[in-house]
Structures are given as structure tokens and as C-alpha cells.
Amino acid sequence: MTTPVWNPDNITDVAESVGIGSLQEEVVVQLAQDVEYRISQVLEEALKFMRHGKRTTLSTQDISHALRLLDVEPLYGYESTRPLRFGEASIGPGQPLYYVEDDEVDFEKLINAPLPKVPREVSLTAHWLAVEGVQPSIPQNPTSVDSRHQDLLPKGPGANPNLAAISGNDNVSIKPLVKHVISKELQLYFERICSAILDENNDDYRTAAFASLRTDPGLHQLVPYFIQFVADKVTHNLKSLFVLTQVMHLLHALLDNPSLYIAPYIAPIIPSVLTCVIGKHLGSTAANGPLAHFALRDFSASLLSSIAKKYGQTSTSLRPRIARACLKDLLDSHKPFGSHYGAILGLQGIAGTAGIRTLILPNLKAYDLVLKPGLADEQKKDQAEKVVQALLLALAKLSIDSTGVTNGHPEGEALKERLVETVGEVLGSRIFESGSPALISAVLEKDVSI
């Protein structure tokens with residue numbers, strides 16, 4: 001018979017303490033082995049809790065959890081925030097007994113001590129962190145002061161650290177609460193795609209990259225990285241039409257992918273697309289020509305329209321915000337004709353015929369003061385002509401809903417004067433020369449609600 005590690009004398013002492021005077025030696029050895037097995041079982045379970053907690057030191061809580069897991073009453077272990085003090089008592093020669101000393105409390109001081117404060121009742125409240133992308137001003141949300149401090153922090157590798165010093169936050173380092181880790185394969189895929197779409201010398205490579213983005217179902221983790229990549233390229237490459245065009249095609253490919261859920265990322269996508277629609281200066285006139293940027297604005301406006309149609313119902317404020325930005329640029333006489341052109345396309349794609357009638361048509365008479373000098377300027381003539389064509393195409397959409405009957409309207413010069421009075425001299429003359437009854441009727445019926 002093997003000698004157990006657990007001392008059999010401990011079994012005999014426990015038996016005598018409960019009134020069992022004599023035990024056979026074989027019984028004592030068997031009980032000692034059973035105790036040894038039970039202790040090892042408890043320790044194995046406790047070590048599992050320790051490793052699950054990513055610790056290297058076994059605690060009394062681990063033992064308690066192990067006993068509870070084994071359906072044993074957790075009598076072992078002390079839960080205290082203060083260090084334990086052990087006292088020593090001698091019960092015989094060479095047999096010291098250690099115990100936890102109890103704190104001595106003066107009973108009179110305990111009675112006369114003030115009562116502790118009554119704890120607050122547990123309650124649950126809810127608040128809106130953001131409503132349709134807009135953060136409400138409530139105590140639970142960060143204030144505008146906190147936002148201004150965050151704006152002064154240096155952002156990016158090339159940021160000016162002196163901005164943070166101004167606000168006293170030069171020694172503050174912000175770390176993300178959640179670390180997003182992607183596999184090496186996805187990192188390599190992201191790098192290859194980004195380099196492929198910006199390669200001007202390899203059209204096949206670029207086409208294959210867009211095809212992969214349009215059909216690959218395993219790109220969910222890379223969606224925020226691609227959107228951030230687009231935002232960075234649009235911000236720092238406004239003079240490169242090639243880069244702007246390719247990143248718009250990248251967004252178009254992601255939106256066409258049926259396996260990707262893009263709805264949560266629409267808010268950061270819109271600024272990049274809107275910049276390519278109504279941006280003040282896109283591309284280089286010397287390198288690309290004065291009219292090259294209109295193709296980019298056309299594609300970006302169609303992309304913006306498709307986003308609004310697909311995700312406009314999930315975000316009720318999406319269409320009004322885009323329409324507000326486009327109308328603001330259209331009414332700004334200091335903006336170039338390229339911005340006005342993109343604003344017209346944006347309003348046309350976002351609001352449809354109702355937006356053309358309520359937002360564009362009433363402002364054409366005032367906009368005539370911008371068109372006439374532009375058409376007279378040799379440098380701006382071509383761009384102003386593009387705006388005129390865009391406006392005529394937008395007004396032509398109204399003729400679809402019009403009856404096309406000009407009865408009740410004047411004819412000849414009187415009709416022309418009526419058109420000039422309604423939409424300005426430039427557009428009024430063009431509409432009169434077109435001779436389209438439906439278009440003329442649609443313009444003159446501007447006060448009729450659709």
C-alpha cells in the first residue's frame with residue numbers, strides 16, 4: 001500500500017474531535033488518500049479559474065469558485081480588502097496552531113458612532129447618445145467644451161503638437177477602448193487593393209481590384225478601413241482627378257457588394273462623396289483642363305443619389321442634410337461654377353422633381369445675375385455653359401409631369417418676357433428658343449404644387 005501525501009495523523013485528530021476513538025490503520029490510509037484526491041480536484045478547478053482570469057497567482061476566490069462548481073459549500077477563503085493577521089496558539093509540544101485574529105472593537109465607541117449614510121436605491125435610466133447622427137445636449141453626453149478640447153489634440157502623424165499644448169493637453173495620450181485586430185491576410189489584401197486602384201499604368205490590375213471589392217463576401221472587417229482610406233485620399237488629393245475618381249469607384253464597388261452591411265457607415269461616407277460633388281476646386285486646370293472635373297462630379301452625383309435612395313428611409317435626416325448643403329452652395333455667388341453644377345446635380349438626384357420645383361426653380365431669377373457675367377467671361381464661359389445645360393436638363397424633368405398645354409399663356413415676345421421674368425434672361429431665352437410646349441408650361445406653372 002502506497003503512503004499518502006496527506007498526513008494520516010490529521011485524519012485521526014479529526015476523528016477524535018468528532019467522538020470516534022479508534023480507527024483501523026487501513027481506514028485511516030484510505031481516508032487520507034481520498035482527502036488528497038479531493039484537494040487535488042479542487043486545486044485543478046481553481047487553477048482553471050486562475051488561468052481564465054489571466055492571472056498567475058491563485059487566490060481564495062478561485063478556491064471558492066472551484067468549491068461552488070463541485071457543489072461543495074465554499075467554507076474556505078477570506079474575502080477582505082485588508083491584509084489578514086494570523087495569530088499563533090500552542091496546543092501541545094511542537095504543534096502550533098495558526099488562526100486569524102479578530103479585530104477588537106470598543107462596544108461603547110461602536111454604539112456612539114454616527115450611523116452610515118443610507119445608500120441610494122438602485123435605479124436604471126436611459127438616454128439617447130445620438131439621434132439620427134446628432135448628439136443631444138444632455139448631462140449624460142459630452143459637452144461642447146469637451147469637444148473643443150478634443151479638437152485641439154494632435155491628430156495623425158503629421159499633426160502639430162503645439163495645438164495640444166495650447167489647451168494644456170500636451171501630455172495626454174488617447175488609446176482606443178477596443179483594439180481592432182485583423183488577420184495578416186486581410187492586411188495584405190487591403191494593401192494590395194489600395195495600391196492597385198491607384199496604379200495608373202495597369203488598368204487590368206485596377207479592374208480586378210474593383211471586381212473583387214464588388215463580389216468578395218469576406219470584407220466586413222475591412223469596410224471601416226476602406227472608408228477611412230477614401231476620406232484620407234479625398235482630403236489630401238483634391239488636385240488629383242485620377243485619385244478622386246478611383247476612390248469614388250472604390251465606394252461604388254463597396255456599395256454594390258450584396259454581402260456587406262454599409263448602413264452604419266453612411267454618415268462618414270457622405271462627406272467624401274459630397275466633396276467630389278460640390279468641391280470648390282477639383283483637379284488641376286493645367287494638367288487636366290478646365291472641364292475635366294465635370295465627369296467626376298457627374299459620377300459622384302449619381303453615387304450620392306443612389307446612396308440617398310437606398311439608405312434614405314433608414315436615416316430620415318440624410319436627404320435634408322444633403323439638400324441643405326447643395327442649396328447653400330448653389331446660392332453662394334462666390335463659389336465657382338463647378339460647385340454650382342454639382343449642387344444642381346445633387347439637388348436633382350436627392351429631391352427629384354419636387355426638389356427642382358421647390359428649391360431650384362424659385363431661385364433661378366436671382367441666379368441669372370451670376371450666369372450672365374459668367375457667360376460673358378471668356379475664361380468662365382465653358383463652365384457657365386455646363387451649368388446652363390444642367391439647369392435645362394433639370395427643368396426638362398418638370399415637363400414630364402406637365403400637361404404641355406400652353407393655352408392661357410401669352411405667345412411671341414410676351415411669352416419670352418414672361419419666361420425671362422420667371423427664370424431670368426439666360427434660361428428664359430434658351431427655353432423660349434427650344435419651343436417645347438411642355439417645358440414652357442412646366443416653368444410657368446411654378447406655383448403649382450406637385
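A salt bridge here is a side-chain nitrogen of Lys or Arg within 4 Å of a carboxyl oxygen of Asp or Glu. By that definition, a search of the whole structure, which is a predicted model, finds eight salt bridges. A search of the whole structure also turns up one cavity of 30 Å³ or more. Three of the salt bridges and the cavity are described below.

**Salt bridge within a helix**

- Asp34 and Arg38 join their side chains in a salt bridge, with an N to O distance of 3.8 Å.
- Both residues belong to helix α2 (residues 25-52), and because they are four residues apart there, about one helical turn separates them.
- Asp34 has a relative accessible area of 35% and is partly exposed.
- Arg38, its partner, is also partly exposed, at 45%.

**Salt bridge between helices α8 and α10**

- A salt bridge links the side chains of Arg214 and Asp256, at 3.7 Å from N to O.
- This pair connects distant parts of the chain, 42 residues apart: Arg214 sits in helix α8 (residues 203-215), and Asp256 in helix α10 (residues 241-256).
- Arg214 has a relative accessibility of 30%, so it counts as partly exposed.
- Asp256 counts as partly exposed as well, with a relative accessibility of 37%.

**Salt bridge between helices α16 and α19**

- Lys372 pairs with Glu425 in a salt bridge whose closest N and O atoms are 3.0 Å apart.
- Lys372 is in helix α16 (residues 364-376) and Glu425 is in helix α19 (residues 425-434), so the salt bridge ties together parts of the chain that lie 53 residues apart in sequence.
- The relative accessible area of Lys372 is 39%, which makes this residue partly exposed.
- Glu425 is partly exposed too, its relative accessible area being 41%.

**Cavity**

- Rolling a probe the size of a water molecule over the atoms reveals where empty space remains.
- The largest cavity holds about 30 Å³ of space.
- Its lining consists of Leu330, Ile360, Asn363, Leu364, Tyr367 and Leu391.
- Sorted by class, the lining of the largest cavity comprises five nonpolar residues, one polar residue and no charged residues.
- Asn363 is the polar residue of this lining, because Leu, Ile and Tyr count as nonpolar and Asn falls among the others.
- Leu364, one of the lining residues, falls within the range of helix α16 (residues 364-376), the helix that carries Lys372.

How values were computed: Residues numbered from 1 in each chain as written. Predicted model: local features only at pLDDT ≥ 70, side-chain atom pairs only at ≥ 80, totals over all residues. Heavy atoms only, no water. 1 Å grid on protein atoms, 1.4 Å probe; cavity = no way out; pocket = protein on both sides within 12 Å on 5 of 7 lines; lining within 4 Å. Points joined across faces, edges and corners; volume = space filled by probe spheres on them. Helix = DSSP H or I, 4+ residues; strand = E, 2+ residues; numbered from the N terminus. Buried < 20%, exposed > 50% of the residue type's maximum accessible area, 1.4 Å probe, protein only.
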